[in-house]
Amino acid sequence: MHIGIIGTGYVGLVTGACFAEFGLFVTCLDKDEKKIKSLKKGKVPFYEPGLEELVQRNLKEGRLTFTTDVAEAVDSSLAIFIAVGTPPRGDGSADLKYIEDVAKEIAANLNGYKIIVTKSTVPVGTGDRIREIVSRNLKELVHFDIVSNPEFLREGSAIEDFMRPNRVIIGVDPESSSGQQAIAIMKDLYKPLYLIETPFVITNIKTAELIKYASNSFLATKISFINEIANLCEKVGADVHMVAKGMGLDMRIGSKFLHPGPGYGGSCLPKDTKALLKMAEEQNVELSVVDAVVRANEKQKEIMAKKIKDAMGVLKEKTIAILGLSFKPNTDDIRDAPSLYLIRRLLTEKAKIRVYDPVVRSLDLIAKSNELIANDSKLRALSSKLITYCKDPYEAAKGAHALVIMTEWNQFRNLELERLRKLLKEPYFFDFRNIYEPKRLKENGFKYFCVGRQ
Ligand SMILES: NC(=O)c1ccc[n+]([C@@H]2O[C@H](COP(=O)([O-])OP(=O)(O)OC[C@H]3O[C@@H](n4cnc5c(N)ncnc54)[C@H](O)[C@@H]3O)[C@@H](O)[C@H]2O)c1
């Protein structure tokens, strides 16, 4: 079977490469010519462990091709997956302009029965909207089905997540005469997952769309919950790790997503929680839990900045070393990363910043931090002078007054403490991912601060 994937970012490329690995013939399309040029040579333009090998193997074996030509991706495909971005608008709602553009382009090239599958995270009702746009823009009268198939992969372990998902959600229109056919095609595409007994949830499109937002908002809830408990632990002298362990052993709660830190970030949880709130607001439904989760997360980022300020006093002329920029390890994604919030706060205080991240390139950082301080021309001008990008953690620490761990990359877990202590001008150590034992750091002469532990 031949399928097309439109949008070749984190989700689209992983989907395309994994389906090719399942034995399907896949054409991946993106409007970004540079990206496609690089992918045609087997070079993945972002960091995702194992993805480049998968892309290269399937390119070589002829099951994976890349194009910027919509007709090429649509012509011979029975299923066309939409995996373009749905970024947040100023009011928090999901911006559907990329989805709508793609719907028009697909319509203009539809030449026979196909299923149009949404992998992007889209607000409830988008399936109907896509159907409307495609119907209106068809060049010839052909039948098609809309399917919602939200994606749950995690950056950093995306291939494993795609190949061994906890579940596959398939939403189809119950009114469609060919709905059963659409389900059969989807099941066929995912046949290898049947063999490993992956649960399939078959439902209507709106329910499938909402499952994605409800899942991400629930994960965000767990994080904000444990962050607030961590803040209480600090006041009352409890240890949040033991609290999380004690809670997580209860099967009804589960131990995942109960790790305290500087707030959640990334391209999904912040935008999806806000988009869900916006959706509910439009329906006059109050989602007070999700609303509190979003506010707690904003507060958590500020609480981290305040921890530094409270411990060190005036930060002007002080140098802060930041280890880790990506919102979590094993990815180069810095969208909405808590590190960017901290950088902006430190720039506001006129602190100097030395950063190191194993995969995030310096240019991304400068671009993003400029975006974050876009309304402050003075800070924007200062940012290129105040931020230094370093080649390793030790270079970052050299001459700094404090070290801050913002991402729990494995390589930060066993830093040479004595060497760091000597390189730092002052021994402040802010471990916002709780990867070190407080006792050990204090014994090594650091003024150690973490989240929710003494
Ligand atoms: N990144 C994740 O971890 C993740 C996980 C699950 C779901 N999602 C959802 O999947 C969607 C995609 O996310 P992503 O992180 O892969 O985004 P991304 O920004 O990495 O990739 C989107 C791609 O779509 C391309 N594109 C935009 N308009 C196009 C058009 N008209 N034609 C062709 N290509 C076009 C862009 O050039 C870009 O390469 C979003 O809705 C996101 O919420 C993301």
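Here are some friendly notes on this predicted model, going from the overall fold down to single residues.

1. **Overall make-up.** The chain carries 19 helices and 14 strands. Its C-alpha atoms fill a box of roughly 70 × 45 × 45 Å along the principal axes. For 454 residues, a compact globule would have a radius of gyration near 22 Å, and the chain's 24 Å agrees with that.

2. **Packing.** Of the 454 residues in the chain, 45% are buried. If you look at contacts with a separation of 6 or more, 73% of them are between residues 24 or more positions apart.

3. **Two domains.** You can read the chain as domain 1 (2-204) and domain 2 (233-449). Taken over C-alpha atoms, their centres are separated by 33 Å. Where the two domains meet, 16 residues of domain 1 are in contact with 14 residues of domain 2. The domain 1 side of this meeting place divides into 8 nonpolar, 5 polar and 3 charged residues.

4. **Around the ligand.** Which residues should you look at here? The shell has 26 residues, and the closest are G7, G9, V11, S120 and T121. Two helices, α1 (10-21) and α5 (97-109), are the elements that give two or more residues to this shell. By character, the shell residues divide into 10 nonpolar, 9 polar and 7 charged.

5. **A strand covered on both faces.** Strand β13 (residues 428-431) is worth a look in your viewer. Y428 and F430 are buried on one side, and F429 and D431 are buried on the other, so both faces are covered. Strand β12 (residues 402-405) runs parallel to β13, and 4 bridges join the two. One place to see the pairing is A402, whose bridge partner in β13 is Y428.

6. **Positive phi at N330.** Most residues other than glycine have a negative phi. N330, however, has a positive phi, near 65°. This residue is found in the loop between β9 (319-323) and α14 (338-348). Is N330 buried or exposed? It counts as partly exposed because it has 19 C-beta neighbours inside 10 Å, and the cut-off for buried is 20 or more.

7. **Positive phi at K350.** K350 also has a positive phi near 65°. You will find K350 in the loop between α14 and β10 (352-356). With 15 C-beta neighbours inside 10 Å, K350 counts as partly exposed.

Technical notes. Residues are numbered from 1 along each chain as its sequence is written. This is a predicted model: local features need pLDDT of at least 70, side-chain atom pairs count only at pLDDT 80 or more; totals for chains, interfaces and linings use all residues. The radius of gyration is taken over C-alpha atoms; the globule rule is 2.2 Å times the number of residues to the power 0.38. A residue is buried if 20 or more other C-beta atoms lie within 10 Å of its own, exposed if 12 or fewer, and partly exposed in between; C-beta atoms are placed from the backbone. Two residues are in contact if their C-beta atoms, placed from the backbone, lie within 7 Å. Domain bounds come from an automatic or database domain assignment. Ala, Val, Leu, Ile, Met, Phe, Trp, Tyr, Cys and Pro count as nonpolar, Asp, Glu, Lys and Arg as charged, and the others, Gly among them, as polar. A residue is near a molecule or strand if its C-beta atom, placed from the backbone, lies within 6 Å of it. Two strands pair if DSSP finds at least two bridges between them.
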